[in-house]
Amino acid sequence: MKHFYTLLILLIAFLYSSAQTEIKNGVVVDHGAEKIIKQTVSKLKKDTPLSFSVDYDISNGTKTIEKGKASFLSSNDKYRVISTSFEDYCDGKNLWHYDKKSNEVELSEVEDGKSMFNFVKILDTYAKSFRPKLIRKDYLGKTQVNIIDLTPQKRSSVTKVRLWIATSSNVIVKMQVNINDGSKNTYSFSNYKSKVTTNNSDFTFPKTKYPKVKQVDLR
């Protein structure tokens, strides 16, 4: 009887798993993972303007290239990142990248300027062009999470993205981006706040704060 119940549980688990996936054009489609990703992206858009804190680690193999902390503020296409080494300001059209060490700010158009810290835009892009797969449920500290891997549907410089998404809130608590040159960008998120108050000036470079800054216009 014990073996019967064990087999029954395994069968139910198998049938549930099969119901969540299907083969389409020779590729396994994980509908359960797709649903979680859609809910997560939808939450980010509904919660805007939003803010959170970021601990980031950019490495290649065992070598750490950059490590630090940052604060992120976003409102639709606008965002701001203030970290220990740089500041990014984007008003939806222009991107200012300020390097604190050189006291230099580069101004570029959004389509020309790339920021690996525009998390809302990045995740929205991944949701459309990457294929999700639910790896397992686990715990990150005391938070229960769904661990989901995203792989590109077409050739991309990003080989895989792993997300840790809180099961109770659909908030991303950790993201790891693997690049085809062997580097890895890891971000841990905390202090998530939704519907925060913002002003247009939050997303443009504060010239009065840095009066001696050197500006390079790349537009």
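Two strands count as paired if DSSP finds at least two bridges between them. Keep that in mind while looking at this predicted model.

Start with strands E7 and E8. E7 covers residues 94–99 and E8 covers residues 104–109. The two pair in the antiparallel sense, over six bridges. Look along E7 for histidine 97. Across from histidine 97, in E8, stands glutamate 106.

Now step back to the whole sheet. Strands of a sheet pair through backbone hydrogen bonds, either parallel or antiparallel. Here 12 strands make up an open sheet with mixed pairing. Read across it, the order is E9-E10-E11-E12-E13-E3-E4-E5-E6-E7-E8-E14. Which strands form the edges? They are E9 (130–140) and E14 (214–217), and each pairs on one side only. On average, neighbouring strands of the sheet are turned by 20° against each other, direction ignored.

Go to the edge at E9. Its neighbour is E10, and the two run antiparallel, joined by 10 bridges. One of the residues to find is arginine 131, whose bridge partner in E10 is threonine 151. E9 and E10 form a hairpin with two residues between them. In the turn, glycine 141 has a positive phi of about 70°.

Next come the helices. Helix H2 (residues 31–47) packs on the sheet. Among the strands H2 touches are E3, E9 and E10. The direction of H2 makes about 85° with that of E9. Helix H3 (residues 119–129) packs on the sheet too. The strands H3 touches include E4, E9 and E13. The direction of H3 makes about 120° with that of E9.

How do H2 and H3 meet? Their axes come within 10 Å and cross at roughly 150°. Angles over 145 degrees count as roughly antiparallel, and H2 and H3 are therefore roughly antiparallel to each other. H2 passes H3 in a left-handed crossing. On the H2 side, the contact is made by Ile37, Thr40, Val41, Leu44 and Lys45. On the H3 side, Leu123, Asp124 and Ala127 take part. These contact residues divide into five nonpolar, one polar and two charged.

Finish with the aromatic rings. How many aromatic pairs does a search of the whole structure find? There are eight. One pair is tyrosine 98 with phenylalanine 205. Their ring centres are 5.5 Å apart and their planes are at 50°, so the pair is tilted. The pair links distant parts of the chain, 107 residues apart. Tyrosine 98 lies in strand E7, while phenylalanine 205 lies in the loop between E13 and E14.

Terms used:
Residues numbered from 1 in each chain as written. Predicted model: local features only at pLDDT ≥ 70, side-chain atom pairs only at ≥ 80, totals over all residues. Heavy atoms only, no water. Helix = DSSP H or I, 4+ residues; strand = E, 2+ residues; numbered from the N terminus. Axes fitted to C-alpha atoms, helices over the stretch in contact; angles between N-to-C directions. Contact = heavy atoms within 4.5 Å. Parallel < 35°, antiparallel > 145°, perpendicular 65-115°, else oblique. Left-handed = near helix turned anticlockwise from the far one by under 90°. Nonpolar A, V, L, I, M, F, W, Y, C, P; charged D, E, K, R; others polar. Phe/Tyr/Trp six-rings, centres within 6.5 Å; stacked < 30°, edge-to-face > 60°.
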